[in-house]
Amino acid sequence: MALYAMGDLHLCLGADKPMDIFGGAWVGYMDKLRQGLSVIGPDDTTVLMGDISWALGLEAAAADFAFVNEIPGRKILLKGNHDYWWSTANKFQKFCEAHGFTNLELLHNNCLYYEDVALCGSRGWFFEEDNGGTHNEKVYNREVLRLEASLKAAGEKEKLCFLHYPPLYRGYRCPEILALLHRYGVRTCCYGHLHGPSHRLAVEGEVDGIVYRLLAADYVNFTPQKLR
């Protein structure tokens, strides 16, 4: 039994938006994903850290989730900024049942467990320069509350935190989210979202007692990374 994680699959089987058009590492990325995901076994757990499918609704995402369903073992899904298919947990469960998708769980306002380790997380927040230079306070506050709910649900268990957005990168820190990670004793935080030239902005390694890891698919050569 192993624990793996990777973000940003950007599947496009249900939407005509292949990432190959961005060139570089993304050329042939679906084949790269198939090869990379082959390291996962039927007893393993894999956290998929957002931006899973480009589809605009659950039914449109059916082909992409068939792809995810074929990944062996348990799959835990986190919301990304491009997951427009995302709906309620109840609707997602009914969608999975209707299509025969098994071992898919949402990490959203909750925590899940891998052995005795609490898996916590949320989409997080990212300062977008195209937002008029200001935060969307409503969305920002909601994401902070969701992350705290997840961390609080873990109690005194060891916590691994998964975010789609980086909580810090070169030249920027998200103070409220970083404060939560420290308050609840998180020692490892994995994130995605940064692609291509933005990789140079990533903060990795230990910062103030927390180890940060960028696990965006194109950064880890489309191969999920073993955490445990």
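1. Helix α2 spans residues 62-69. In this predicted model, its buried residues are Ala62, Asp64, Phe65, Phe67 and Val68. An α-helix has 3.6 residues a turn, so residues three or four places apart point the same way.

2. The partners of those buried α2 residues include both helices and strands. The helices are α1 (29-37) and α3 (89-99). The strands are β2 (45-49), β3 (74-78) and β4 (104-106).

3. His10 sits in the loop that runs between β1 (3-6) and α1. Its relative accessible area is 3%, and His10 is therefore buried. Setting aside neighbours within four places in sequence, His10 is in contact with two histidines, His82 and His195. The contacts of His10 also take in Trp26, Trp54 and Tyr29, along with Met19, Asp51 and Ile52.

4. On the cysteines: the structure has zero disulfides. A bond of this kind would need two cysteine sulfur atoms within 2.5 Å. For Cys12, the closest cysteine sulfur belongs to Cys96 and lies 20 Å away, which is too far for a bond. Cys12 is itself buried, at a relative accessible area of 15%.

5. Why does Cys111 not form a bond with Cys120? The sulfur of Cys120 is the closest cysteine sulfur to that of Cys111, but the separation is 4.9 Å, too far for a bond. Cys111 also counts as buried, with 12% relative accessibility.

Conventions
Residues are numbered from 1 along each chain as its sequence is written. This is a predicted model: local features need pLDDT of at least 70, side-chain atom pairs count only at pLDDT 80 or more; totals for chains, interfaces and linings use all residues. Side-chain values use heavy atoms; hydrogens and water are left out. Buried means under 20% relative accessible area, exposed over 50%, partly exposed in between (1.4 Å probe, protein chains only). Helices (H or I, at least four residues) and strands (E, at least two) are DSSP runs, numbered from the N terminus. Contact means heavy atoms within 4.5 Å.
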